[in-house]
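Got your viewer open? Let's take a stroll through this one, stop by stop, with something to select at each.

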Amino acid sequence: MTQTLTTTPPADDLVVPFHCDRCGALAKVRVVLASGSDLVFCGHHAREYEGKLRDIAADIIETDGEQRVTS
């Protein structure tokens, strides 16, 4: 029997869907806080809390393609 060496792909290559912290729907927005922690929201809740999120966010990233919205 021949053994085959397999490797686990780096974590950057793995795609894990995020779910809204508020309702559990598929997340569309990731909010990175100054502390380094993050929050994720569906489009509905991201729009609902947009003003407050912009006040506390270090970065806001749309998860569809990782497009940066603010810096």
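One bit of vocabulary before we set off: a residue is called buried when its relative accessible area is under 20%, exposed when that is over 50%, and partly exposed in between. Also keep in mind that what you're looking at is a predicted model.

**The whole chain**

Start with a cartoon view. The protein chain has two helices and four strands, and from the N terminus on the order is β-β-α-α-β-β. Of its 71 residues, 24% count as buried. Switch on the surface and you have about 5600 Å² exposed, with carbon and sulfur atoms supplying 53% of that area. As for contacts with a separation of 6 or more, 27% of them are between residues 24 or more positions apart.

**Strand β3**

Now select residues 57-62, which make up strand β3, and pick out Ile61 there. Is Ile61 buried or exposed? Its relative accessibility is 5%, so Ile61 counts as buried. Add Val32 to your selection: it sits 29 residues away along the chain, yet the two C-alpha atoms are 7.9 Å apart.

Glu62 is in strand β3 too. This residue counts as partly exposed because its relative accessibility is 34%. For another distance to draw, go from Glu62 to Gly43: the C-alpha atoms are 9.4 Å apart, with these positions 19 residues apart in sequence numbering.

**A pair of rings**

Next, show the side chains of Phe41 and Tyr49. They form an aromatic pair, with 6.0 Å from centre to centre and 55 degrees between the planes. Why call the pair tilted? Planes under 30 degrees apart would be stacked and over 60 edge-to-face, so 55 degrees lands in the tilted class. The count of aromatic pairs comes to one. As for cover, Phe41 is buried at 7% relative accessibility, whereas Tyr49 is partly exposed at 23%.

**The cysteines**

Select Cys20, Cys23 and Cys42 and look at the sulfurs. How many disulfides does the structure hold? Zero. A disulfide needs two cysteine sulfur atoms within 2.5 Å. For Cys20, the closest cysteine sulfur belongs to Cys23 and is 3.9 Å away, so that gap is too far for a bond. Cys42 tells a similar story: its closest cysteine sulfur is also in Cys23, at 3.9 Å, again too far for a bond. Cys20 is buried, with a relative accessible area of 5%, and Cys42 is buried at 7%.

**His45**

Keep the cysteines on screen and add His45, which lies in helix α1. Which residues does His45 touch, leaving aside those up to four places away in sequence? Cys20, Arg22 and Cys23. His45 has a relative accessible area of 11%, so it is buried.

**The second largest pocket**

For the last stop, select Val29, Ala46, Glu50, Arg54 and Ile60. Of the 10 residues lining the second largest pocket, these lie nearest its centre. The space inside is about 170 Å³. To see which elements take part, colour α1 (43-48), α2 (50-56) and β3: each supplies at least two residues of the lining. That brings you back to β3, the strand where you picked out Ile61.

Methods. Residues numbered from 1 in each chain as written. Predicted model: local features only at pLDDT ≥ 70, side-chain atom pairs only at ≥ 80, totals over all residues. Heavy atoms only, no water. Buried < 20%, exposed > 50% of the residue type's maximum accessible area, 1.4 Å probe, protein only. Phe/Tyr/Trp six-rings, centres within 6.5 Å; stacked < 30°, edge-to-face > 60°. Contact = heavy atoms within 4.5 Å. Areas by Shrake-Rupley, 256 points an atom, 1.4 Å probe, with all protein chains shown as cover. 1 Å grid on protein atoms, 1.4 Å probe; cavity = no way out; pocket = protein on both sides within 12 Å on 5 of 7 lines; lining within 4 Å. Points joined across faces, edges and corners; volume = space filled by probe spheres on them.
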